[in-house]
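Trainee: Got a few minutes to go through a model with me? I'd like to practise reading it piece by piece.

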Amino acid sequence: MAIVEAERRGDVAIIRMNNPPVNALGHGLRAGLDKALAEANGDAAVKAIVLIGTGKFFSAGADITEFRAEMREPYLPQLIDRIEASGKPVVAAINGTALGGGLELALGCHYRVADKDVRQLGLPEIKLGIIPGAGGTQRLPRAIGVEAALQLITSGAFIDAKRAAGIGLIDQLADGDVLGAAVAFARGQICKPPRRLGEKSIDAATIPAGLFDKARAGIARHPSGPIAPKAAIDAVEASTTLPIAEGTARERQLFREAAASPYARALQYAFFAERQASNLPGIGADIKQRAIERVGILGAGTMGTGITLAFLNGGFPVTIVDTTEEALDKGVGRIKDTLSANAKRGRITEAQAADRIAKLTPSLDVDDLGKADLIIEAVFENMALKKEVFAKLDQIAKPGAIIATNTSTLDVDQIAAVTKRPQDVVGLHFFSPANIMRLLEIVRAKKTGNDVMATSMAIAKRIGKVGVQAGVCDGFVGNRMLAAYGGEVQAMLFEGAMPQDIDGALEAWGMAMGPLAVSDLAGLDVGYRIRKERKLTGEAAQFARIADKIVEMGRLGQKTGAGYYRYDANRKRQVDPEVEALIRAEAEALQIKQRPIPAEEIVERSLLRLANEGAKIIEEGIALRASDIDTMYLNGYGFPAWRGGPMWQADQMGLKKVAERIRGYAAKYGERWRIAPLIERLAADGGTFAALNAKKT
Ligand code: T1G
Ligand code: NAD
């Protein structure tokens with residue numbers, strides 16, 4: 001099948017893009033379109049042109065895999081300018097997803113007809129650390145107004161066809177047969193001068209005063225980092241002051257600046273890393289997945305309720321079980337409140353909220369989980385209890401059901417061993433709040449079946465999660481690295497950095513929230529219970545003294561109004577001299593001479609502890625790839641996507657320098673900084689985690 005197909009319906013030429021999987025506008029497709037367009041324009045029998053995609057995609061935009069290569073003509077902006085300049089009406093028949101350069105292509109067309117069920121329209125370039133670079137920042141404001149365009153471009157959000165029609169982006173909605181509708185629409189435009197967005201001027205009176213200043217003031221902690229958001233605002237502002245030719249030239253310049261930044265490379269790395277995570281060696285499309293229609297949740301606490309919401313939002317009927325009426329009612333109440341709050345905020349419709357509540361079955365009887373295809377256990381973090389409930393689930397679960405545990409630290413092999421069906425057991429480790437956090441750590445136990453792994457990966461996608469495989473060890477991948485990072489943070493407290501210094505340095509560097517503020521949010525009792533369960537000794541016990549003392553003072557974090565910080569009525573954190581005094585006293589007790597620790601050192605020690613532990617985890621085979629670890633930290637631990645992840649950061653620093661720095665810290669601090677042999681080896685060979693990754697694809 002040709003990458004571009006041309007056909008005719010009477011005097012209307014139809015040009016179809018056919019570049020699976022997503023009609024990415026790589027060189028081949030651009031050249032094919034350019035040729036077909038020229039032929040249609042050159043053919044006197046052709047009076048109008050319709051451009052359409054294939055399957056679920058109109059086009060997902062420029063080919064991101066080409067970004068590092070030398071771009072070849074026709075460039076996308078050239079192609080779009082030629083479409084717009086066409087003397088014959090050109091209609092975009094938007095049969096499916098139209099994003100980035102794909103939507104810019106449609107904006108170059110004179111009219112847009114879309115299938116009413118299209119759900120993904122937008123200019124999400126900012127999520128890749130760039131801006132629309134083929135006229136989108138100039139044509140979209142002309143199509144839908146400056147304010148709406150600015151919002152769409154700086155958020156990178158997707159909108160559906162109905163909304164797009166409502167704001168003037170789409171001229172007509174089609175109910176099925178979008179091609180037929182577009183051909184009819186095009187025929188209606190023959191002999192009329194084409195409507196070119198580029199020729200439209202923007203009425204300054206429609207621009208709210210201070211729009212751009214307000215937008216600039218709001219991008220300090222934009223998830224795409226410091227460059228692209230500002231470039232996007234500058235480019236849209238240019239559309240209000242410059243004619244299209246100058247405006248697109250300004251856009252091009254801003255695009256290049258953003259594309260050259262390390263943050264764009266990090267975000268594009270993150271894009272592909274997320275997609276690579278679902279490729280599990282030895283588990284191809286030939287592995288038959290299990291059918292999952294009904295889900296059962298055991299434990300209606302913090303996690304059980306969040307996980308239930310994630311599945312209800314994913315369209316699954318869910319049975320939720322707890323031991324006491326009180327606990328069950330509390331959990332079900334939280335689920336219903338969240339759904340109605342989401343309806344009030346317009347995130348879902350009232351009808352959707354009612355439908356999801358109707359799909360929820362609360363029960364006090366674990367036997368009611370016997371109908372479920374997937375059961376997820378989220379009871380207290382205690383091995384004896386986990387074994388007890390898994391022995392029970394082994395009896396009542398139907399043959400072929402997947403039985404999963406949401407444990408955050410315990411040995412899944414041991415849990416599976418109490419059942420007669422260890423091949424059906426897997427760890428599905430959600431992150432709190434489970435209906436929000438995108439990461440799902442899929443813990444593969446020794447006997448977990450390949451079909452269970454394949455099914456778990458697919459389930460993750462169905463509920464909007466990013467599934468990443470982890471092996472069994474203490475804390476799996478994410479929490480094991482968090483323990484190393486957290487341990488270094490505690491050590492720096494003893495050495496003289498105060499909570500606000502550590503959180504301040506890491507937040508200024510880009511972390512969504514500093515580690516001590518995160519602990520206060522999650523609840524300090526969770527960590528305290530895990531430390532007591534582990535019976536820490538030596539340096540680990542020593543460095544847990546501050547955290548333990550704070551909990552023993554009844555300070556459990558935000559939920560008690562005090563933890564490492566004190567919290568006001570609006571949950572705003574405040575430095576607490578009582579904690580500062582406690583830290584100084586503990587340091588004195590251990591005769592540790594305190595000193596001010598520079599922000600750079602705080603950031604470097606935190607990142608290198610993460611990367612060093614990550615390297616050990618890769619070496620042990622607990623994580624498949626360095627990019628999996630980065631995907632986990634971006635989607636489960638508030639690591640800024642524009643920084644790529646801890647393993648990406650180590651590569652940017654250069655593993656030779658990383659090794660030197662770690663050896664330096666090991667000489668100063670001892671065993672906890674023992675360097676990972678993998679880093680030693682890669683540093684010696686001039687290797688990188690990224691290259692190692694490529695070998696594991
Ligand atoms: N280029 C290259 N490959 C792409 C691609 C793209 N734009 N989009 C998707 N893929 C690959 C992806 O890697 C995966 O490959 C397969 O397609 C299926 O994707 C000038 C410069 C469209 C919502 O930001 O958001 O235009 O892993 O698994 O969940 O202004 O992909 O199978 O080998 O994600 O159904 C702007 C990016 C580009 C959209 C579909 N466009 N894509 O999600 O499938 S910049 C975007 C997505 C631009 C111009 C600028 C999603 C999707 P593989 P998938 P999905
Ligand atoms: P929680 O204390 O909020 O809820 C546990 C619930 O389990 C309670 O409602 C309790 O009544 C119920 N329960 C206890 N024994 C039961 C039994 N035999 N049958 C049915 N229900 C029973 O705890 P949580 O924070 O939701 O943690 C649950 C699990 O999830 C733990 O393994 C924890 O490590 C893990 N986890 C927690 C977090 C987090 O941030 N809280 C994150 C990831 C994983």
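What follows is a chat about the two ligands and a few strands of this predicted model.

Trainee: Let's start with ligand 1. Which residues come nearest to ligand 1?

Mentor: Keep in mind that this is a predicted model. There are 28 residues around ligand 1. By class, 18 of the shell residues are nonpolar, five are polar and five are charged. The ones that come nearest are Ala60, Gly101, Glu104, Glu125 and Arg275.

Trainee: How far is the polar side-chain atom of glutamate 125 from an oxygen atom of ligand 1?

Mentor: Let's go through some polar contacts, for which the cut-off is 3.5 Å. A polar backbone atom of alanine 62 is 2.9 Å from a ligand 1 oxygen, and lysine 461 brings a polar side-chain atom to 3.3 Å from an oxygen of ligand 1. For glutamate 125, the distance between a polar side-chain atom and a ligand oxygen is 2.7 Å.

Trainee: And how much of ligand 1 does the protein bury?

Mentor: Start with the polar contact from the side chain of glutamate 125, at 2.7 Å from a ligand 1 oxygen. On its own, ligand 1 would expose 1,000 Å². The share of that area buried by the protein is 75%.

Trainee: Which helix gives the largest share of the shell around ligand 1?

Mentor: Two helices each supply at least two shell residues: helix 3, spanning 101-108, and helix 11, spanning 262-276. The largest share is three residues, and it comes from helix 11.

Trainee: On to ligand 2. How many residues surround ligand 2?

Mentor: The closest ones are Met303, Asp322, Glu381, Lys386 and Ser408. Split by class, the shell has ten nonpolar, nine polar and three charged residues. The number of residues surrounding ligand 2 is 22.

Trainee: How much of the accessible area of ligand 2 does the protein cover?

Mentor: Look at the polar contacts before the area. Aspartate 322 has a polar side-chain atom 2.7 Å from a ligand 2 oxygen, valine 379 has a polar backbone atom at 3.4 Å from an oxygen of ligand 2, and the side chain of serine 408 has an N or O atom 2.6 Å from a ligand 2 oxygen. Ligand 2 on its own has 830 Å² of accessible area, and the protein covers 82%.

Trainee: Which helix gives the most to the shell around ligand 2?

Mentor: Among the elements represented in that shell is helix 15, and its contribution is three residues. That is the most any element gives, so to speak, and the name you want is helix 15.

Trainee: Now the strands. Is strand 17 largely enclosed or not, and why?

Mentor: Val466, Val468 and Ala470 point one way from strand 17, while Gly467 and Gln469 point the other way. In general, side chains in a regular strand alternate between the two faces of the sheet. Five of the five residues of strand 17 are buried, so the strand is largely enclosed by the rest of the structure.

Trainee: What handedness does the β-α-β unit with strand 16 and strand 17 have?

Mentor: Strand 16, residues 439-443, pairs with strand 17 in the parallel sense over five bridges. Valine 443, for example, has alanine 470 of strand 17 as its bridge partner. Put helix 17, residues 450-462, together with the two strands and the unit is right-handed.

Trainee: Which residue in strand 6 stands opposite serine 59?

Mentor: Serine 59 is in strand 4, residues 57-59, and counts as buried at 0% relative accessibility. Strand 4 runs parallel to strand 6, residues 97-99, with two bridges joining them. Across from serine 59 in strand 6 is alanine 98.

Trainee: Last one: which residue in strand 12 stands opposite isoleucine 320?

Mentor: Isoleucine 320 is in strand 11, residues 318-321, where Val318 and Ile320 point one way and are buried. On one pairing, isoleucine 320 is the bridge partner of isoleucine 297. Strand 11 also runs parallel to strand 12, residues 360-363, with four bridges joining them. The strand 12 residue opposite isoleucine 320 is proline 362.

Methods: Residues are numbered from 1 along each chain as its sequence is written. Chains are lettered from A and ligands numbered from 1 in the order in which they are written. This is a predicted model: local features need pLDDT of at least 70, side-chain atom pairs count only at pLDDT 80 or more; totals for chains, interfaces and linings use all residues. Side-chain values use heavy atoms; hydrogens and water are left out. A residue is near a molecule or strand if one of its heavy atoms lies within 4 Å of it. A polar contact is a pair of N or O atoms within 3.5 Å; within protein, one must be able to donate a hydrogen and the other to accept it, and residues adjacent in sequence count only if both atoms are side-chain atoms. Accessible areas come from the Shrake-Rupley method with a 1.4 Å probe; for residues, only the protein chains shown count as cover. Ala, Val, Leu, Ile, Met, Phe, Trp, Tyr, Cys and Pro count as nonpolar, Asp, Glu, Lys and Arg as charged, and the others, Gly among them, as polar. Buried means under 20% relative accessible area, exposed over 50%, partly exposed in between (1.4 Å probe, protein chains only). Two strands pair if DSSP finds at least two bridges between them. A crossover is right-handed if, with the strands pointing away from the viewer, the path from the first strand over the helix to the second runs clockwise.
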